[in-house]
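The following note is offered as a colleague's reading of the structure shown below. The points are numbered for ease of reference.

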Amino acid sequence: MNAPIIDPLQGDFPEVIEEYLEHGVMKCIAFNRRGTLLAEVVQQPGDLFLTEKTDWNAAGCADGSCIIWDFETRGIAKELQDKDCVAAITSVCWSKDGHCILVSAADKSLTLWDVVNGEKITRTTLQQTPLQARLHPGSSKSLCLACPLSSAPMIVDLNTGSTTVLPVSVSDTAAGLLPPSRNKFSDGSPPFTPTAACFNKYGDLVYVGNSKGEILIVDHKNKQVRAVVSISGGSVIKNIIFSRNGQYLLTNSNDRTIRIYENLLPLKDGLKVLDELTTSCEEVDEAEKLKAIGSKCLALFRDFQDSITKVHWKVPCFSGDGEWVVGGSASKGEHKIYIWDRAGHLVKILEGPKEALIDLAWHPVHPIVVSVSLTGLVYIWAKDYTENWSAFAPDFKELEENEEYVEREDEFDLMPETEKVKDTDVNEDDEVDIMTVENESDFSDSDMSHGELCFLPAVPCPDVAEQQDKCVGSTSKLADSNHSGSPLSEEAGQNGGQAMNHASSPVEGHGGNTVEKKAKAIGERDGVAGREG
């Protein structure tokens, strides 16, 4: 924050709200690996504290379900409804090949879905509520990492239901027990500070952030802590995320600071390097030895914070290429997203409607950020592109005012002598290879690119008159770029001059007019086309 704000034209990052998605009350989101599909979780109405003005008819959903959007067309491609789920969804995660989705819920369940068939593959119930669940980044879809509300992170085998609790401190490795506690829950289990954890790029190591402000590098197969990295201040680590390329690690702590660490271990065979570091380390004390090894595994690269407002961060993440760092404000009543470059410069503050932010995600490929508000709307932030007509003709010069021009004698001749086309050196007899598929730089590390699921077939649904009147279903609205209120605030100003309450939902007071406005717009467009024909 102390660094000067750089020229926004230097970076390719989102700037304005392009549109928003609406389908019930959505809570959490996740892109697939290529960003063509967006999974969102629709929450039950009873699971959120909403105002009395909330229009549940416009939401059109009464149960917790997972919605898969085709992000290219902004249409719903699949809806996964679980009849056994009776609680709110806490997280959603895609498999690397895009064929499966893992959903965790507040009823302590983990459900693995087949995306194409829309069927449940397996369902497992834990002893504690999983706040977050992530599938193994390798080819195995049966292993996942779950972070429960009141216990240590655990590796869950979705096929057998067996769990392996991971250590959250150095003492846990030796004693095999959790630290003592003063109070207990009603079921007799000890309270526990929620712990953040994530796999590394290839899933052979788990990075655990505990309540002591330590990052533990854990061999999850042997349940052994291999290295420890201490964070300055010793604050509780709330989030821990790897960048897409696996070279940087992000942490979000209770001291209101986002820290970026450079991963010094190789992306593959990290365990072998840890074995070598353990053998070569001469420290006698076990704790000091683990810290010495940790200093050779992670190096603090940069930290980010708002030194003026000291805001807490709800959700941090990397951009798809790892060049940008994003932090969503946890302040109530505001929808602010901070964007920094890796050098530490604050490049943009995105200010949305006056609704709290609960989740966000950066598109894997494009400069697009998707955020979820407390009212359940999903906002799509994109770059504000300006039209530059001279880009279509590089030799065209834009003039600010009229200038007198004298044409050359041969300027409009068919074959001017001064500009004859030179013969090219292309050998027309060479064969052109049209069969070899080159690996894309963003996805060349995948072993499953050939069988990867990128799109889902769209299934048309018949229109029902009663549903049209109630505006049930999903809508995707275009919104004006620079505004601080809800997406329909400008529409309200044009229709009668009545300003909407920015603190309320954009669907407030917006019943069945959506279909009528769309039909009217289509009719006017067809009428103009008929007159022109």
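1. Overall confidence. The model is a predicted one, and its reliability varies along the chain. The average pLDDT of the protein is 76, and 71% of the residues score at least 70. Over residues 1-9 the pLDDT is below 50, and this stretch has 17 contacts in the model beyond near neighbours in sequence. Residues 470-533 likewise stay under 50 in pLDDT; for them the model has 99 contacts beyond four places in sequence.

2. General make-up. The secondary structure comprises seven helices and 29 strands. Of the 533 residues in the protein, 45% are buried. Among contacts with a separation of 6 or more, 55% are between residues 24 or more positions apart.

3. The largest nonpolar core. In soluble globular proteins, nonpolar side chains tend to be buried together. The largest nonpolar core here has 21 residues, and the members that touch the most others are Tyr207, Ile215, Leu249, Leu274 and Cys297. At least two residues of this core come from each of strand 14 (196-199), strand 16 (214-219), strand 17 (224-230), strand 18 (237-242) and helix 3. Strand 18 gives the most, with three residues.

4. Leu249 and a separate core. Which residues does leucine 249 touch, not counting those up to four places away in sequence? They are Cys198, Tyr207, Ile215, Ile240, Ile241, Phe242, Arg259, Ile260, Tyr261, Leu298 and Phe318. Apart from the largest core lies another, of 20 residues, which include Ala77, Leu80, Trp113 and Leu453.

5. A four-stranded sheet. Strands 22, 23, 24 and 25 form an open sheet in the order 22-23-24-25, with antiparallel pairing. Strand 22 (313-318) and strand 25 (346-351) are at the edges and each has a single partner strand, so one side of each is left without a neighbour in the sheet. Direction ignored, neighbouring strands of this sheet are turned by 15 degrees against each other on average. Within the sheet, strand 23 (residues 324-329) and strand 24 (residues 336-341) are joined by five bridges and run antiparallel. Valine 326 stands opposite isoleucine 339 of strand 24.

6. The loop between helices 3 and 4. Aspartate 285 lies in the loop between helix 3 (270-280) and helix 4 (286-294). A polar atom of its side chain is 3.1 Å from the backbone nitrogen of glutamate 288. Aspartate 285 counts as partly exposed because its relative accessibility is 43%, between the limits of 20% and 50%.

7. Serine 142. Is serine 142 buried or exposed? With a relative accessible area of 18%, serine 142 is buried, since buried means under 20%. Serine 142 is placed in the loop between strand 10 (130-135) and strand 11 (143-148). Leaving aside neighbours within four places in sequence, serine 142 is in contact with Val156, Asp157, Leu158 and Asn159.

8. Positive phi angles. Most residues other than glycine have a negative phi. Lysine 108, although not a glycine, has a positive phi of about 70 degrees. Lysine 108 lies in the loop between strand 7 (100-105) and strand 8 (109-114), and counts as partly exposed at 31% relative accessibility. Arginine 256, also not a glycine, has a positive phi of about 65 degrees. Arginine 256 is in the loop between strand 19 (248-253) and strand 20 (258-263), and at 31% relative accessibility counts as partly exposed.

Key:
Residues are numbered from 1 along each chain as its sequence is written. This is a predicted model: local features need pLDDT of at least 70, side-chain atom pairs count only at pLDDT 80 or more; totals for chains, interfaces and linings use all residues. Side-chain values use heavy atoms; hydrogens and water are left out. Two strands pair if DSSP finds at least two bridges between them. Axes are lines fitted to C-alpha atoms, for helices over the stretch in contact, and angles run from 0 to 180 degrees between N-to-C directions. Buried means under 20% relative accessible area, exposed over 50%, partly exposed in between (1.4 Å probe, protein chains only). A polar contact is a pair of N or O atoms within 3.5 Å; within protein, one must be able to donate a hydrogen and the other to accept it, and residues adjacent in sequence count only if both atoms are side-chain atoms. pLDDT is the predictor's confidence in each residue, from 0 to 100. Contact means heavy atoms within 4.5 Å. A nonpolar core is a set of buried Ala, Val, Leu, Ile, Met, Phe, Trp, Tyr and Cys residues joined through side-chain atoms within 4.5 Å.
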